[in-house]
Amino acid sequence: MQPIPDDLAQAFEEWHNTYRQLAKQPRTALRRRLIQLSTSVMSHPHWQNGNRTAAWSALHAARQGGGSSL
């Protein structure tokens, strides 16, 4: 499996931060940012490698410190 690209990992981390902010203080700007980040993460070229499930798991594991894919 290919390593997770830095821009994808950064967008994913930003998505989680934005989601947490939105949960604390609902704002239109945060909702728009979350939609933008969701689109960026889900449509990233990295997912085109055909092994989406493994790549998605690696992204989550890396975010939680359990993987070395980043």
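Start with the salt bridges: a search of the whole structure turns up one, a salt bridge being a side-chain nitrogen of Lys or Arg within 4 Å of a carboxyl oxygen of Asp or Glu. Select Arg33 and Glu14; that is the pair, with the closest N and O atoms 2.1 Å apart. Arg33 sits in helix α2 and Glu14 in helix α1, so the pair ties together parts that are 19 residues apart in sequence. Helices here are DSSP runs (H or I, at least four residues; strands are E, at least two), numbered from the N terminus. Side chains of opposite charge can pair when their charged atoms come close.

Before you click on, some housekeeping. This is a predicted model, in which local features need pLDDT of at least 70 and side-chain atom pairs count only at pLDDT 80 or more, while totals for chains, interfaces and linings use all residues. Residues are numbered from 1 along each chain as its sequence is written, and side-chain values use heavy atoms, leaving out hydrogens and water.

How exposed are the two partners? Arg33 is partly exposed, with a relative accessible area of 28%, and Glu14 is partly exposed too, at 27%. The scale: buried is under 20% relative accessible area, exposed is over 50%, and partly exposed is in between (1.4 Å probe, protein chains only).

Now zoom out and colour by secondary structure. You should see three helices and zero strands, in the pattern α-α-α along the sequence. Of the 70 residues in the chain, 27% are buried. Switch on contacts (heavy atoms within 4.5 Å): among those between residues at least 6 apart in sequence, 57% join residues at least 24 apart.

Next, select α1, residues 6-24. This helix has 19 residues and reaches 27 Å from its first C-alpha to its last, close to the 27 Å expected at 1.5 Å a residue; the expected span is 1.5 Å times one less than the number of residues. Its buried residues are Leu8, Ala9, Ala11, Phe12, His16, Thr18 and Leu22.

Stay on α1 and show the side chains of Trp15 and Tyr19, which lie four residues apart, about one turn of the helix. The structure holds one aromatic pair, and here the rings of Trp15 and Tyr19 have centres 5.3 Å apart and planes at 15 degrees, so the pair is stacked. For the cut-offs, rings of Phe, Tyr and Trp (its six-membered ring) pair if their centres lie within 6.5 Å; planes under 30 degrees apart count as stacked, over 60 as edge-to-face and the rest as tilted. Both partners are partly exposed: Trp15 at 22% relative accessibility, Tyr19 at 46%.

Move over to α2, residues 28-42. With 15 residues, α2 reaches 21 Å from first C-alpha to last, close to the 21 Å expected at 1.5 Å a residue. Select Leu30, Leu34, Leu37 and Val41, the buried residues of α2. Look down the axis: they fall within an arc of 70 degrees, so they line one face of the helix. That arc is taken from the directions from the helix axis to the C-beta atoms. Spin round to the face turned away from the buried side and you meet the exposed residues Ala29, Arg32 and Ile35.

Which residues does Leu37 touch? Leaving aside residues up to four places away in sequence, Leu37 touches Ala11, Glu14, Trp15 and Thr18. Leu37 is buried, at 4% relative accessible area. Measure across to Glu14 and you get 7.6 Å, C-alpha to C-alpha, for two residues 23 apart in sequence. Then click on Thr18 in α1, buried at 6%. With the same neighbours left out, Thr18 touches Leu30, Arg33, Leu34 and Leu37.

Last stop: the largest nonpolar core. Select its nine residues, Ile4, Leu8, Ala9, Ala11, Phe12, Leu37, Val41, Trp47 and Ala58. Such a core is a set of buried Ala, Val, Leu, Ile, Met, Phe, Trp, Tyr and Cys residues joined through side-chain atoms within 4.5 Å. The elements giving two or more residues are α1 and α2, and α1 gives the largest share, four residues. Finish on Trp47, in the loop between α2 and α3 (52-63) and buried at 4% relative accessibility. From Trp47 to Ile4, 43 residues apart along the chain, the C-alpha atoms are separated by 9.7 Å.
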